[in-house]
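Hi,

Here is the structure I promised to pass on. Have a look at it first, and then read on for what turned up in it.

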Amino acid sequence: MIRRQFIKSAALTSVSALSFSPSFALKTAAERKFKIALNPGNIGVKGNLMEILDYAIQYGYEAISPYTQEVMNTYSDGQLRDFLDKFKAHNMSYDSVNLPVDYKKSRTSFNTEFKDLRRFCETMEKQGATRMNTWIMSSDDNLTYTENMKRTAYRLGECARVAKDYGISLGLEYLGPRTLVSLLRYPFIASMKEGKELIGEIGESNVGLVLDSFHWYCANDTIDDIRTLKPEDIITADINDARAGFTRVTQTEGKRELPLATGVINAKDFLQGLLDIGYDGPLRTEPFNKDLNDMDNDTALQINLDSVKKAFKQVGIQ
């Protein structure tokens, strides 16, 4: 179930149930190590894996989603070799892929999906993909914070241990909107610090954060919070803007904008933080924007790329 569907369902259920860091003071502009990633579903672009690779090459993206499910179900070994030859010839890298296990479901559903995880990871290894991710709901109607922490850490720890066998890292995305924290009865993780606590509870070296500027902003996290991280602590990063006309505490999930569309989020600090720590993974957008999703592929690809590069200019990178 995608996040927007889950949150809509949760909301209906709920209603019915009633600084500046001195160590960086003299730091000069850093060279960009992170890669501009094309995650097509995030911007309404449609196509199979080879088509997405072609789009990335044509427009100048530097990473793409691995489409592991497609490869697992439809690619022969020969087709995968042909794809990888082209992928490597253009110095492309991979973005992250969604964890194919919903840890929030019942124990039976979780166990059923978990059984297929090893095969999924085997396919990722064949592709050369090394990153997967999931998101953490910020409240729950049944589990207290402590109960939720225990269940979440156990289940995601099980997934992380399988992923580790194949050289794969697991990224966890905290959702920052305060409207999600109060949506259901018991608040849960909704900030970077809490996300780091969950990672500590899991205790696996291949688990890190999905760092989204929208959630970073909504959680009132700062550039100094980013500077507490090491490059390997971030599995993938999203750069977005927030809607105008809403305060930080009234922003809602599933509705946001491309970078610098409104200027609500301090993209300069977000990117500078990534530069300061030497983050070298994928950077993508996830605007949940209907106007963008309704555009044809070519228009959406160009507008999306232009917005990212416009944000880069704020910190003097290309």
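Let's begin with a charged cluster: Glu158, Arg161, Lys164 and Glu204 are joined in a network of salt bridges. Before you zoom in, keep in mind that this is a predicted model.

Within that network, Glu158 and Arg161 pair up, with their closest N and O atoms 2.8 Å apart. Both sit in helix α7, three residues apart, or about one turn of the helix. That spacing suits a pairing, because residues three or four places apart on an α-helix point the same way. As for how open they are, Glu158 is partly exposed at 24% relative accessible area, and Arg161 is also partly exposed, at 33%.

In total, the structure has 17 salt bridges. Two others are worth a visit.

One joins the side chains of Arg284 and Asp95, at 3.1 Å from N to O. Arg284 belongs to strand β11 (residues 282-284) and Asp95 to the loop between β3 (93-94) and β4 (97-98), so this bridge ties together parts that are 189 residues apart in sequence. Is Asp95 buried or exposed? Asp95 is buried, with a relative accessible area of 0%, and its partner Arg284 is buried too, at 6%.

The other is between Asp165 and Arg118, whose side chains meet at 3.2 Å, N to O. This one also links distant parts of the chain, 47 residues apart: Asp165 is in the loop between α7 (145-164) and β7 (169-174), while Arg118 is in helix α6. Arg118 is partly exposed, at 35% relative accessibility.

Since we are at α6 anyway, look at which residues of this helix (residues 117-127) are buried: Leu117, Phe120, Cys121, Thr123, Met124 and Gln127. They span an arc of only 155° around the axis, which means that they are on the same side of α6. Gly128 follows the helix, with a positive phi near 85°.

Now to a charged residue without a bridge. Arg131, in strand β5 (residues 131-136), is buried and yet has no salt bridge. How far away is the nearest side chain of opposite charge? That is Asp280, at 4.5 Å, and a salt bridge needs the nitrogen and oxygen within 4 Å, so the pair does not count as one. What the Arg131 side chain does reach is the backbone oxygen of Ile235, at 2.5 Å. Apart from its neighbours within four places in sequence, Arg131 is in contact with a string of residues, including Tyr94, Asp95, Met124, Ile168, Ile235 and Gly281. Two of those names have come up already: Asp95 is the partner of Arg284, and Met124 is one of the buried residues of α6.

Last stop: helix α12 (residues 267-277). Nine of its 11 residues are buried, so the helix is largely enclosed by the rest of the structure. Among them are Ala267, Phe270, Leu271, Gln272, Asp276 and Ile277. What do the buried residues of α12 pack against? Their partners are β9 (207-212), α10 (213-218), α11 (223-226), β10 (234-238), β11 and α14 (297-313). β11 is also the strand that holds Arg284. Just past the end of α12, Gly278 takes a positive phi of about 75°.

That's the tour. Shout if anything looks odd on your screen.

Cheers

Methods:
Residues are numbered from 1 along each chain as its sequence is written. This is a predicted model: local features need pLDDT of at least 70, side-chain atom pairs count only at pLDDT 80 or more; totals for chains, interfaces and linings use all residues. Side-chain values use heavy atoms; hydrogens and water are left out. Helices (H or I, at least four residues) and strands (E, at least two) are DSSP runs, numbered from the N terminus. Buried means under 20% relative accessible area, exposed over 50%, partly exposed in between (1.4 Å probe, protein chains only). Lys and Arg count as positive and Asp and Glu as negative; His and the chain ends are not counted. A polar contact is a pair of N or O atoms within 3.5 Å; within protein, one must be able to donate a hydrogen and the other to accept it, and residues adjacent in sequence count only if both atoms are side-chain atoms. Contact means heavy atoms within 4.5 Å. The arc is that of the directions from the helix axis to the C-beta atoms.
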